[in-house]
Structure formats: C-alpha cells, structure tokens
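Biologist: Please take a close look at the ligand site, and then tell me which other local details deserve attention when I examine the model.

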Amino acid sequence: MRMIDLIIKKRNGRELSKEEIDFMVGGFTAGSIPDYQMSAMMMAILLKGMTDEETVNLTLAMTNSGEKVDLSKVSGITVDKHSTGGVGDKATLVLLPLTASCGLKVAKMSGRGLGHTGGTTDKFECFKGFNMALSAGEFAEAVELRGACLASAYGDVCPADRKMYALRDVTGTVESLPLIASSIVSKKLAGGADAFVFEVMSGSGAFMKNDDEATELARSMVKLGRMAGKKCSAVITNMDQPLGAAVGNSLEMIEALETLKGRGNAETNELIYALGEQMLLIGEIASTKEEAHKKLKEAIDSGAAIEKLKEIVSGQGGDIRGIDDYSYLPTASITEKIESDLSGYVASIKCDDIGNAVRILGGGRLVKEDEVDLSVGVVIHKKVGDRVEKGESLATIYANSKEKLEEAKEIFLSSYSFSDNKTEHQKLLHGIIE
Ligand code: URA
C-alpha cells in the first residue's frame, strides 16, 4: 500500500477502506508517512468528506494509535467534557472543579489551541508548574484521588490525534466534520471515561458556521460515542460572538476564577449551568436538572468549587497562588482601551476575527512551533445588542508589543458592525441532544 495512492483515491472522492485508514494512521503516527503527505490527505478529506463508516474507522484507528486509559478502578461514573472550539471558550475551566466538587468523577483529556480558538491545556498552563503530561496510570489515580484530572492528549495517549491536530492547525484543515469528530471522540475513547458531554459551538467563531452544521457534528459525535458503548449528550451553543467577556488564556482563566467565586457574568453562568447540569445528570450525581442546578449553585456559594480547583492544581504540581491573587498569573505589560469610532447598536461581531486578533497578539499559534503568550488578549465590554456611543470603550486589549497591539486593534475594530436601529441580544443556548 502507498500513501500517494490513498491521497489520490480520496482526492477523487472515493471511500477509503478500514485497512487503508489503519495504514495511514499507523504510518503517520510511527513517522513513516511524512507531514506533507498527511497534510494533503487531510485537505482531501476536508474537501471530499468521509462516509459514516470511514469516520468510525478513522476514530478507532486514532484511538488505538497509543495507550488507552483504564479507569475501571475509579469508583462511580467517570465523565469527560469536550468543546469543539470557540473564542473565549472557557466553560471547561469552570466545570472541571465545579462538577468534581459536586461529587462527579471528571477525567478530562484535553487539547491545545487550534486555529483561531483557544485550548484548555494552554489555559491551565497559566498555573506555573501544572503538569498535564501524565501517564495513563497517573491520570486514573488522580481522578480517583481528587475527583478530577486534566491530562493533555499527548505522550502515550492518542498520539495520532496529537500529530494530526498540530498539522491541521497550520494547514487550513481544521473545519472538517469527520476530522473534528474523529479528533474529539478518539481522545475521549482513549481517555477511558464512561460518559461524554460535548459542547458544540455554532457561528462565525466556531468551526461549524451555523446550527445545521453544528447539529450534524453533535449527532455524529454522539453516535460515535454511543457505538463505543458510552453515554453521551451534547449542548449546542452560540459562537457568533465570543463567550462571556475575556478572550486570551490568562484573561479567560481570571473570568473562570471569578465565576467559580460566584462573580461570573450572566452569559458564562448560563453556559456553565447548562453544561454542568448535563454532566451531573449523565454521571448520575443528580436525577433532575433542578437538583443538578441546586448542587452546582451550592458548590459555588459554599466555596467548595474554588477549593476543589486549588486541590486539583496543587495535586498536579501547579502554583495555586494565582487562584487568589491574579498577579501570579501571566500578565501583559501594555493595557489599552479600544474606543469605538462609531455610535449605534452592535449588530454583529466577526467572532473568528476576534480570535485572530488575539492570535496576532501572540495568544495562539501561527506555525506549529510557536510558543503561546498566555498573558495577552482582550476583555470585551460591548456585545451584540448593546448601545455604544462614539469614543466609548468596546474592549480592553492586553499586549506585550505595541506593534502587535496596533495590528490586533485594527482587526478588532473592523470585526464590529453597527446599526442605528435597536438590535437583539443573542441567545446562548441553541439546543441540547440528551
Ligand atoms: N477540538 C478537538 O479536540 N479537535 C478538533 O478537531 C476540534 C476541536
């Protein structure tokens, strides 16, 4: 079998067999198939798509590319939650400690930032020393011991996804339903949890640009998970503007910490309750949404959720001082307000451009080897439906270079459009597949 023939076959819109997919994933993981051939194949998949059977085979080949975590010794139902990626996408940062403090066992296998979106592992690196490169055994032990653990999907678990993910990020091959579904579900299956909650984002800042595409992705992931015998649900959320206020690793962590301390903004709160309820239901910690909601609220109000975060961070070797004192988190040297040059109601925000502006500041990768600057980003003050007067502040920008700040500011300003007529605030929850 030769990779070149498989690329041509897919390029011509034909279906790859299980043996061909196993050959491709195995060879790429082992290094015998080079990056340039895998890039060409992923572009062909993006353009020509995959049948359901190909997507299942790709997911299983990726799951089997490395070690699989055995969580059978962990008591109770283990749950993993994963988002398809968006801008200001910070729910996991809150949900990991919050649901664990309600008694759930959270086994979270996570990825880095992809395209214009941020990644949970990058965000947790804001706690100096926080170690996510755990072996399968260490991961299982930590879940049992502290109720929650965050491990990065590299090392021995799902190496195929780690390599494909990094390559997709820099070759324009992220926005493909079969590649996203197989990337997420293979990590989940290799991570060993019993049940998954998928947060599927829809809109200009997501990889799925509308509700039809997002629903198709949600259904595909739920189907893949259920075929492997897992309990699954999915929540479809709005990504036509960034979630909450902060975009950028450290800034999002601060917003998450505020939420855990009971000072979250309405939008972030709405999201974490919707997802948290699904997690507690699927993990059988609560039997109704009302009961789940009450448990989540009590964990925040009593301080149990923030205490749980301290336990998780220190348990994985991280510096917990940043949880109470944000000056211990990565901090940018330049802060500037972005003033509106127009008056009116915010009619739309090109959400992916906000992600790209933060990427230009250094908050995301432009090439695979890039180091992410965790301190940079924006905090948004005006969202769709809000009234703005000329000169009023749309956002605060955090940067470490004046030149990058100016470039990002220009992109940020051009991402906003205004209307003289009153516009509606956007709805956050677009659907739930239970
Ligand atoms: N998150 C993932 O883990 N993989 C994708 O492809 C997209 C989002």
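Modeller: One definition first, since two of the details below rest on it: a charge is taken to sit over a ring if NZ of Lys or CZ of Arg is within 6 Å of the ring centre and within 35 degrees of the ring normal. Please also keep in mind throughout that this is a predicted model.

At the ligand site, 10 residues surround the ligand, and the closest of them are His82, Thr84, Arg168, Ser183 and Lys187. Polar contacts to ligand oxygen come from several of these side chains: an N or O atom in the side chain of Lys187 is 2.6 Å from an oxygen atom of the ligand, the corresponding separation for Arg168 is 2.8 Å, and a polar side-chain atom of His82 lies 3.0 Å from a ligand oxygen. Of the 240 Å² of accessible area that the ligand has on its own, the protein covers 98%. By residue type, the shell divides into four nonpolar, four polar and two charged residues.

As for the elements that build this shell, strand S1 (78-83), helix H8 (159-169) and helix H9 (177-191) each supply at least two residues, with H9 giving the largest share, four residues. The loop between strand S3 (148-152) and H8 holds Cys158, whose phi is positive, at about 50°, although Cys158 is not a glycine. Cys158 counts as buried because its relative accessible area is 1%, under the 20% limit.

A second residue with a positive phi is Glu284, where the angle is near 55° and the residue is again other than glycine. Glu284 lies in the loop between helix H12 (266-282) and helix H13 (289-301), and here the setting is exposed, because its relative accessibility is 56%, over the 50% limit.

Turning to charges and rings, the charged end of Arg387 sits over the ring of Tyr345, 5.0 Å from the ring centre, while the charged end of Lys163 sits over the ring of Phe28 at 4.5 Å from its centre.

Ring-to-ring packing is a separate matter, and a search of the whole structure finds five aromatic pairs. One of them joins Phe124 and Phe127, with 6.2 Å between the centres and 55° between the planes; the pair counts as tilted because that angle is neither under 30 degrees, as for stacked rings, nor over 60, as for edge-to-face ones. Phe124 and Phe127 belong with Phe130 to one aromatic cluster. Both members of the tilted pair are buried, since Phe124 has a relative accessible area of 0% and Phe127 has 1%.

Two helical residues complete the survey. Thr63 lies in helix H4 (residues 52-63), where a polar atom of its side chain is 2.7 Å from the backbone oxygen of Thr59; at 4% relative accessibility, Thr63 counts as buried. Leu217, in helix H10 (residues 211-227), is buried as well, with a relative accessible area of 0%. Leu217 also gives a sense of scale, as it is 203 residues from Asp420 in sequence and 36 Å from that residue in space, C-alpha to C-alpha.

How values were computed:
Residues are numbered from 1 along each chain as its sequence is written. This is a predicted model: local features need pLDDT of at least 70, side-chain atom pairs count only at pLDDT 80 or more; totals for chains, interfaces and linings use all residues. Side-chain values use heavy atoms; hydrogens and water are left out. Rings of Phe, Tyr and Trp (its six-membered ring) pair if their centres lie within 6.5 Å; planes under 30 degrees apart count as stacked, over 60 as edge-to-face and the rest as tilted. Buried means under 20% relative accessible area, exposed over 50%, partly exposed in between (1.4 Å probe, protein chains only). A residue is near a molecule or strand if one of its heavy atoms lies within 4 Å of it. A polar contact is a pair of N or O atoms within 3.5 Å; within protein, one must be able to donate a hydrogen and the other to accept it, and residues adjacent in sequence count only if both atoms are side-chain atoms. Accessible areas come from the Shrake-Rupley method with a 1.4 Å probe; for residues, only the protein chains shown count as cover. Ala, Val, Leu, Ile, Met, Phe, Trp, Tyr, Cys and Pro count as nonpolar, Asp, Glu, Lys and Arg as charged, and the others, Gly among them, as polar.
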